[in-house]
Amino acid sequence: MEAILLFSILLITIMLSIPIGITIGLSTGIAMLLTSDIPMVMLAQKSVTGLDSFPLLAIPFFVLAGALMCNGGISRRLVDLAESLVGFITGGLAMVTVLACMFFAAISGSGPATVSAIGSFMIPSMKEKKYDASFAAAITSAAGTIGVIIPPSIPFVIYCVVAQCSIGDMFIAGIVPGIILGLALMFVCYITARKRHYVSMSERPKFKTVARAFKEAIWALMVPVIILGGIYGGIFTPTEAAVSAVVYSILIGKFVYKELDWNMLYKCLCQAALINGATTFLIGLSMGFASYLAMAQIPPMIADYLMKFAHNPVLLLLLINIFLLILGCFVDNIAAVIILTPILLPVVKMIGIDPIHFGLIITVNLACGFVSPPYGINLFVGAAISGESIESISKEIIPAFVAMVACLMLFTYCPALSIGVVNMLK
């Protein structure tokens, strides 16, 4: 009864387009009031105490670091480096976009931010070279999903806080899948370019050209080295790494590239504050939601039902993937991670799935939602930059989406690509 009422209210309020944070708190409060003896004050207490988490501080600092890098000249130099590496291949301009998104993913942690930072350069460039504008927006939107897979990743941080597992291990688990996904999208670019006769961007570069581009981008490329090297070297925690990334981004943008002024710094701070306010409100209420799930014994009930429905772990993971892919079309990545982790994690643990591996599965699934209408936030960013309609971009993104789902299946049933890398490095 508790589960039916809780999820019914949750679904109705989401369909009414009520903000997801209010939706979580409202559904939890009504379910507690009508079906249990748990005092209502518990919701408020858990919502506040759930935010008393040092790892959560990494979120606003990674958001701020991404904004600073986008506006401090770092993203443009990453594009130049990507151009020198793959610009000469058939479909090279689209491949440059994907590779630049992979570089920027290693310093931003956000999908929409990656699309905005790289798309503002690359979508107009592709249009100038006679690429179809809808395809340009589509491939940029798809490549932006890598922003939440290659570390650092904001959804990874949130998942680890909710699941109470290692952020450092989660970051390691995302490296190889992020690279594979990028290569798959580059293959889509190559096939599409050959079919439509898109010309390459430039001649095969000389070593001096690549070296010059690498020299210009070296300060930008040092960001993931500082973040990941510092974490795995035991120098600082993920939260301290995020702070270090902010300080480094300010110094490089202001004094090395000299493209970050005080007015832009103020705008970046305001942007980070707004995003963090919404995220913190959502996470706080989700902690109360998760506590109520545990007290009402809802996850074990769902686990028993799913295990009766699908005894085979392969089939169970397939059903979970289908469910997450559909949900990602309607619900934000962060909100879905917060809501579903307490429900699904106990289920997959029963069939022997490692929490780190499942963190990758749920994140990649919901990243596909970034390019799936009607939610598709990356599509909206790409449409705003390109001036194309969502409908035309959605048609062009189908091959890239198929490649993403194929990669998802690979990551799901080949844990060596994620948790295997973590174990190897340990």
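Lys258 is found in the loop between α12 (238–256) and α13, and in this predicted model its backbone is a good place to start. Its phi is positive, about 60 degrees, although Lys258 is not a glycine. Most residues other than glycine have a negative phi, and most peptide bonds are trans. With a relative accessible area of 64%, Lys258 counts as exposed, since the cut-off for that class is over 50%.

Gln164 has a similar story to tell. Phi of Gln164 is near 55 degrees, again a positive value in a residue other than glycine. Gln164 is found in the loop between α9 and α10, and it is exposed, with a relative accessible area of 72%. On the other side of α9, look at the loop between α8 (133–144) and α9, which holds Pro152. Here the peptide bond from Pro151 to Pro152 is cis, with omega near 0 degrees.

One more loop residue is worth a stop before we go inside. Gln297 sits in the loop between α13 and α14. At 46% relative accessibility, Gln297 counts as partly exposed. Its C-alpha atom is separated by 9.2 Å from that of Ala3, a residue 294 places away along the chain.

Now for the rings. A search of the whole structure finds 2 aromatic pairs. Phe62 and Phe171 make an edge-to-face pair, 6.4 Å centre to centre and with 65 degrees between the planes. Phe62 lies in helix α4 and Phe171 in helix α10 (residues 167–196), so the pair ties together parts that are 109 residues apart in sequence. Both Phe62 and Phe171 are buried. Tyr131 and Phe135 form a stacked pair, with 6.4 Å centre to centre and 15 degrees between the planes. Tyr131 counts as buried because its relative accessibility is 4%, and the cut-off is under 20%. Phe135 counts as buried too, at 3% relative accessibility. A ring also turns up next to a charge: the charged end of Arg77 sits over the ring of Tyr257, 3.8 Å from its centre.

What does a buried residue touch? Take Val98, in helix α6 (residues 92–108). At 0% relative accessibility, Val98 counts as buried. Not counting residues up to four places away in sequence, Val98 touches Ile139, Ala143, Ile146, Gly182, Leu185, Met186 and Cys189. As for Cys189, its C-alpha atom is separated by 8.8 Å from that of Val98, and the two residues are 91 apart along the chain.

Two serines make good companions to Val98. Ser84 has its place in helix α5 (residues 74–86) and is buried, with a relative accessible area of 6%. Leaving out residues up to four places away in sequence, Ser84 touches Pro205, Thr209, Val210 and Ala213. Ser418, by contrast, lies in a loop, the one between α20 (398–413) and α21 (419–425). Ser418 still counts as buried, at 1% relative accessibility. Its contacts, leaving aside neighbours within four places in sequence, are Ala173, His357 and Leu360.

That leaves the empty space. Rolling a probe the size of a water molecule over the atoms shows where empty space is left. The largest pocket has a volume of about 690 Å³. It is lined by 32 residues, and Ser110, Pro112, Ile275, Thr279 and Ile334 lie nearest its centre. The elements that give two or more residues to this lining are α2 (20–35), α4 (58–71), α7 (111–128), α9 (154–163), α13 (262–295) and α16 (333–350). Which of the elements gives the most to the lining of the largest pocket? That is α4, with 7 residues. By class, the lining of the largest pocket has 20 nonpolar, 11 polar and 1 charged residues.

The second largest pocket holds about 510 Å³ of space. Of the 18 residues that line it, the closest to its centre are Phe7, Phe323, Leu327, Leu340 and Ile343. Two or more lining residues come from each of α1 (2–15), α14 (298–309), α15 (313–328) and α16. By class, the lining of the second largest pocket has 17 nonpolar, 1 polar and no charged residues. Helix α16 is thus a name to remember, as it appears in the list for the largest pocket and in the list for the second largest pocket.

Definitions and conventions:
Residues numbered from 1 in each chain as written. Predicted model: local features only at pLDDT ≥ 70, side-chain atom pairs only at ≥ 80, totals over all residues. Heavy atoms only, no water. 1 Å grid on protein atoms, 1.4 Å probe; cavity = no way out; pocket = protein on both sides within 12 Å on 5 of 7 lines; lining within 4 Å. Points joined across faces, edges and corners; volume = space filled by probe spheres on them. Helix = DSSP H or I, 4+ residues; strand = E, 2+ residues; numbered from the N terminus. Nonpolar A, V, L, I, M, F, W, Y, C, P; charged D, E, K, R; others polar. Phe/Tyr/Trp six-rings, centres within 6.5 Å; stacked < 30°, edge-to-face > 60°. Buried < 20%, exposed > 50% of the residue type's maximum accessible area, 1.4 Å probe, protein only. Lys NZ or Arg CZ within 6 Å of the ring centre and 35° of its normal. Contact = heavy atoms within 4.5 Å.
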